[in-house]
Amino acid sequence: MAAPDDNAFSNADLQPVPSAQRTWTLWDMAALWVGMAVCIPTYQLASSLIGDGMSWWQALLTVLLGNLIVLVPMALNAHAGTAYGIPFPVLLRSSFGIRGSNVAALMRAVVACGWFGIQTWIGGSALHGIIVALGWLDPSAWPVVSWLGITLPQFICFFLFWALNIAVILRGIECIRWLEGWGAPFLLLVGFALLAWAYFAAGGFGDLFIDQHKLTTWSSFLPVFLPGLTAMIGFWGTLALNIPDFSRYARSQRDQVLGQAIGLPGTMALFSFIGIAVTSATVIVFGKAIWDPVELLNKFPLWAVIVGQAALIIATLTTNIAANVVSPANDFSNLAPRWISFKVGGVLTGLIGMAMYPWEILRDPHAYVITFLVGYSALLGPIGGIMIADYWVVRKRKLALDDLYTLDGAYRYHNGFSLVAIGALVLAILPSLPGFLAQFNLVEPGAFLTYWYDLSWFAGFALAFVLYLVGRRLWPGG
């Protein structure tokens, strides 16, 4: 069923994918997740948890549990994409309204822009590492540019990797599918090669996993575990919302559910384990923990540096394009379909991500996890709660497809805005605000609101879910 060609609320990128073009198999969906999960942030994911006192196995189980939990809303939200062929911002129209969908979509888009910048900085750093290893650049000869906070060669490498990302996205979704399918097995091989190096360099695994047992009581473990678990969910909390952007190409619900189940939790746990093992080996070999694989690779022979850094560039590219460009490109397109296509939206994502100074976000690992990951979980959890409540409980998976593309339809609400959805969103976010402000020492929220912030994805999701159902019951057209 095709949506009407209404330029005010539709363009070729937002219209439903025809059944004949829904060709992604179970393995395409799994490869998508392997390609996205095998990246430097995943490799480093356990580092902050271990730094805060967790043992290696506690950190690894926290990563695995978080990804098993986030798989549930991921599969639930993906259902509508596969059933109707619609992208994330169009699905939002059923709960937030034709125009109100932009509120939630832009919140998701801004987060994606931040992630785009972070991944682009990581990819640019790998490119910078290759140039230094080849002897083409002496980094000590270049001072830090004051207004940038980095050196000029670092910024040039960042920009070159940025341009590579934009070039791929301009080629369209099938290029992304090809990139993920080709890159996923190669990246896994590189991961196993690193694990083999850790084993032989450290003389076996015996000395790599000595449990430090720093958090030996519940009272010491929970304050680290709860925000850590929320951060693990927040890591893919973005994709849990916009997964319809990809599941709209899946052949069946079985393909999207099993593909995600195969590709996501296991890959995240495996690559986090590799990060733990390799970093533990660096303590034995080099006398200090080196969590940054870019820094580690620079200690290897030249050929290994070039191959390894090239692998990191590919890993970062596959993650960045799929996870951080597709969604905001569609979200920006939803804002003004007449003027903003998917490709234009992708370029906007790149420009905003560059302007966010991503290298500053990564300077402090604790701030990266607790402020950035947990902070935006407080925004994304409530959106997910509203989406699932609307599609699975209120609509019972039945959408009026044509009405999703016109203002004068079932999802008009109040001139295109659902006050029930926006109200539930605001009320579900507010309790997390004191905890977020406390990260900057602006307020003292107290124990209850501190725990609320630590569990912001769970708490916000549940509260928004309930508020939306109550509001929709009391005010069906609100």
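Trainee: Which element gives the largest share of the lining of the second largest cavity?

Mentor: Keep in mind that this is a predicted model. The second largest cavity holds about 60 Å³ of space, and its lining includes F235, W236, T238 and L239. Elements giving two or more residues to that lining are α6 (101-133), α9 (218-242) and α14. The largest share, four residues, comes from α9.

Trainee: And by class, what lines the second largest cavity?

Mentor: Go through the residues: among them are W115 and L239, along with Q119 and N324. Charged residues are absent from this lining. By class it comes to five nonpolar and four polar residues.

Trainee: How many cavities of 30 Å³ or more are there?

Mentor: Rolling a probe the size of a water molecule over the atoms shows where empty space is left. With 30 Å³ as the cut-off, the count comes to four.

Trainee: Which element gives the most to the lining of the largest cavity?

Mentor: That cavity has about 100 Å³ of space. Of its 13 lining residues, the closest to the centre are V38, V190, F271, L312 and A315. The elements giving two or more residues are α2 (40-43), α8 (173-201) and α14 (302-324). With four residues, the one that gives the most is α8.

Trainee: How many nonpolar residues are in the lining of the largest cavity?

Mentor: Take the other classes out of the way: there are no charged residues in this lining. One residue is polar. The nonpolar ones number twelve.

Trainee: Let's move on to the core. Which residues touch the most other members of the largest nonpolar core?

Mentor: In soluble globular proteins, nonpolar side chains tend to be buried together. Here the largest nonpolar core has 127 residues, and α9 supplies its largest share with 13 residues. The residues touching the most other members are M74, I86 and W236.

Trainee: What does W236 touch, not counting residues up to four places away in sequence?

Mentor: You've already met W236 in the lining of the second largest cavity. Leaving out residues up to four places away in sequence, its partners are W33, M36, A37, N67, V70, M74, L264, M268 and A323.

Trainee: Which residues does the second, separate core include?

Mentor: That core is separate from the one with 127 residues. It has five residues, and among them are A109, C113, F332 and I340.

Trainee: What is the radius of gyration of the chain?

Mentor: The chain has 22 helices and two strands, and its C-alpha atoms fill a box of roughly 65 × 50 × 45 Å along the principal axes. For 478 residues the globule rule gives 23 Å, and the chain's own value is close to that, so it is as compact as a globular protein of that length. The radius of gyration is 22 Å.

Trainee: What percentage of the contacts with a separation of 6 or more comes from residues 24 or more positions apart?

Mentor: Burial is worth a look alongside: buried residues make up 57% of the chain. For contacts with a separation of 6 or more, residues 24 or more positions apart account for 84%.

Trainee: Is L455 buried, exposed or partly exposed?

Mentor: L455 lies in the loop between α21 (446-454) and α22 (456-474). Leaving aside neighbours within four places in sequence, L455 is in contact with L226 and T230. Its relative accessibility is 26%, so L455 counts as partly exposed.

Trainee: What separates the C-alpha atoms of L455 and I340?

Mentor: I340 belongs to the second core. Along the chain, L455 and I340 are 115 residues apart. Their C-alpha atoms are separated by 36 Å.

Note on methods. Residues numbered from 1 in each chain as written. Predicted model: local features only at pLDDT ≥ 70, side-chain atom pairs only at ≥ 80, totals over all residues. Heavy atoms only, no water. 1 Å grid on protein atoms, 1.4 Å probe; cavity = no way out; pocket = protein on both sides within 12 Å on 5 of 7 lines; lining within 4 Å. Points joined across faces, edges and corners; volume = space filled by probe spheres on them. Nonpolar A, V, L, I, M, F, W, Y, C, P; charged D, E, K, R; others polar. Core = buried A, V, L, I, M, F, W, Y, C linked by side-chain atoms within 4.5 Å. Buried < 20%, exposed > 50% of the residue type's maximum accessible area, 1.4 Å probe, protein only. Contact = heavy atoms within 4.5 Å. Rg over C-alpha atoms; globule rule 2.2 N^0.38 Å.
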